[in-house]
Amino acid sequence: MFVIDGCLPSSPLPGDFDDLRQDAVGEGYRFVERLHEERRAGTKRFEGQGEILLIATAAGACAGLGGLTADPTIAGLLRLRRFYVRPRFRGLGLGRQLASRLLAHARQYAPGVTVNAGTVEAGAFWKKMGLMPSVQAGITHRLDF
């Protein structure tokens with residue numbers, strides 16, 4: 001049902017990425033817009049050791065995305081970033097599939113991952129994915145492998 005592929009730093013984002021951006025902004029999430037701006041500016045390209053940006057599609061539509069970058073505060077760890085599933089694709093298991101792929105990828109490159117969940121719902125999702133709450137500034141959840 002869903003196709004999840006890596007998006008190379010030099011690859012363009014999907015043609016309907018703007019629809020995903022509009023959904024995210026409509027929900028008050030600016031991080032997808034930041035991803036667009038960073039790609040356009042050539043910064044945060046998801047090309048460092050262990051870094052990756054995954055794009056999920058369903059029936060040709062851009063359904064969600066998520067990435068990993070080097071954690072800016074804990075050397076050697078990766079940070080889950082830019083994780084978003086469009087509302088019409090929620091509740092279908094896409095978030096779990098996307099997160100599982102990211103975590104499996106991270107295990108190959110780092111001893112753990114962190115995330116800064118922006119909402120209570122996001123925090124609950126990451127806890128279900130095995131990440132434990134963290135009290136460190138800028139990190140809400142962490143998983144050590």
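This report walks through the cores, the largest pocket, the cysteines and some individual residues of a predicted model.

## Nonpolar cores

The largest nonpolar core holds 28 residues. Leu68, Leu80, Phe89, Leu94, Val113, Trp126 and Leu131 touch the most other members. Six elements are named as supplying at least two core residues each: strands S1 (2-6), S2 (52-58), S3 (61-70), S4 (78-85) and S5 (112-115), plus helix H3 (94-107). H3 gives the largest share, six residues. A second core is separate from this one and has 14 residues. Phe17, Leu35, Leu65 and Tyr84 are among them. In soluble globular proteins, nonpolar side chains tend to be buried together.

Trp126 shows how one core residue is surrounded. Beyond its neighbours within four places in sequence, Trp126 is in contact with Leu80, Phe83, Ala99, Val115, Ala117, Leu131 and His141. Leu80 and Leu131 also appear in the list of core residues that touch the most other members.

## The largest pocket

The largest pocket has a volume of about 890 Å³. Its lining counts 30 residues. Closest to the centre are Phe83, Tyr84, Ala122, Phe125 and Trp126. Trp126 therefore has two roles in this picture: it is among the residues closest to the pocket centre, and it belongs to the largest core. 

Helix H2 (31-41), S4, H3 and helix H4 (120-128) each give two or more residues to the lining. The largest share comes from S4, with seven residues.

## Helix H2 and its cover

Which residues of H2 are buried? They are Phe31, Val32, Glu33, Leu35, His36, Glu38 and Arg39. Their cover includes helix H1 (17-26), S2, S3 and S4. Leu35 is also a member of the second core. Just after H2 comes Gly42, with a positive phi of about 85°.

## The cysteines

How many disulfides does a search of the whole structure find? It finds zero. Cys7 and Cys62 show why: the sulfur of Cys7 has its closest cysteine sulfur in Cys62, at 9.3 Å, while a disulfide needs the two sulfur atoms within 2.5 Å. Seen from Cys62, the closest cysteine sulfur is that of Cys7, again at 9.3 Å and too far for a bond. Both residues are buried: Cys7 has a relative accessible area of 9%, and Cys62 has 0%.

Cys62 sits in strand S3. Setting aside residues up to four places away in sequence, Cys62 touches Pro14, Asp16, Phe17, Leu20, Ile55, Ala56, Thr57, Arg86 and Phe89. Phe17 is part of the second core, and Phe89 is part of the largest one. Arg86 is 24 residues from Cys62 in sequence, with a C-alpha to C-alpha distance of 8.4 Å.

## Two arginines in strand S4

Arg79 is found in strand S4. Is Arg79 buried or exposed? Its relative accessibility is 7%, so Arg79 counts as buried. Its side chain makes a polar contact with the side chain of Thr114, at 2.9 Å. Beyond neighbours within four places in sequence, Arg79 is in contact with a run of residues that includes Gly67, Leu68, Thr69, Ala70, Asp71, Pro72 and Thr73. Thr114, Val115, Asn116, Gly138 and Ile139 are also in contact with Arg79.

Arg82 is found in S4 too. Arg82 is buried, with a relative accessible area of 9%. Its phi is near 55°, a positive value in a residue other than glycine.

## Ala59 and Gly95

Ala59 lies in the loop between S2 and S3. Its phi is positive, about 50°, although Ala59 is not a glycine. Is Ala59 buried or exposed? Ala59 is exposed, at 88% relative accessible area. Arg82, by contrast, pairs a positive phi with a buried position.

Gly95 lies in helix H3. At 14% relative accessibility, Gly95 counts as buried. Which residues does Gly95 touch, not counting those up to four places away in sequence? They are Phe83, Val85 and Phe125. Phe83 and Phe125 are among the residues closest to the centre of the largest pocket. Gly95 and Gly66 are 29 residues apart in sequence, and their C-alpha atoms are 9.1 Å apart in space.

Notes
Residues numbered from 1 in each chain as written. Predicted model: local features only at pLDDT ≥ 70, side-chain atom pairs only at ≥ 80, totals over all residues. Heavy atoms only, no water. Buried < 20%, exposed > 50% of the residue type's maximum accessible area, 1.4 Å probe, protein only. Core = buried A, V, L, I, M, F, W, Y, C linked by side-chain atoms within 4.5 Å. Helix = DSSP H or I, 4+ residues; strand = E, 2+ residues; numbered from the N terminus. Contact = heavy atoms within 4.5 Å. Polar contact = N/O pair within 3.5 Å; in protein donor to acceptor, adjacent residues only side chain to side chain. 1 Å grid on protein atoms, 1.4 Å probe; cavity = no way out; pocket = protein on both sides within 12 Å on 5 of 7 lines; lining within 4 Å. Points joined across faces, edges and corners; volume = space filled by probe spheres on them.
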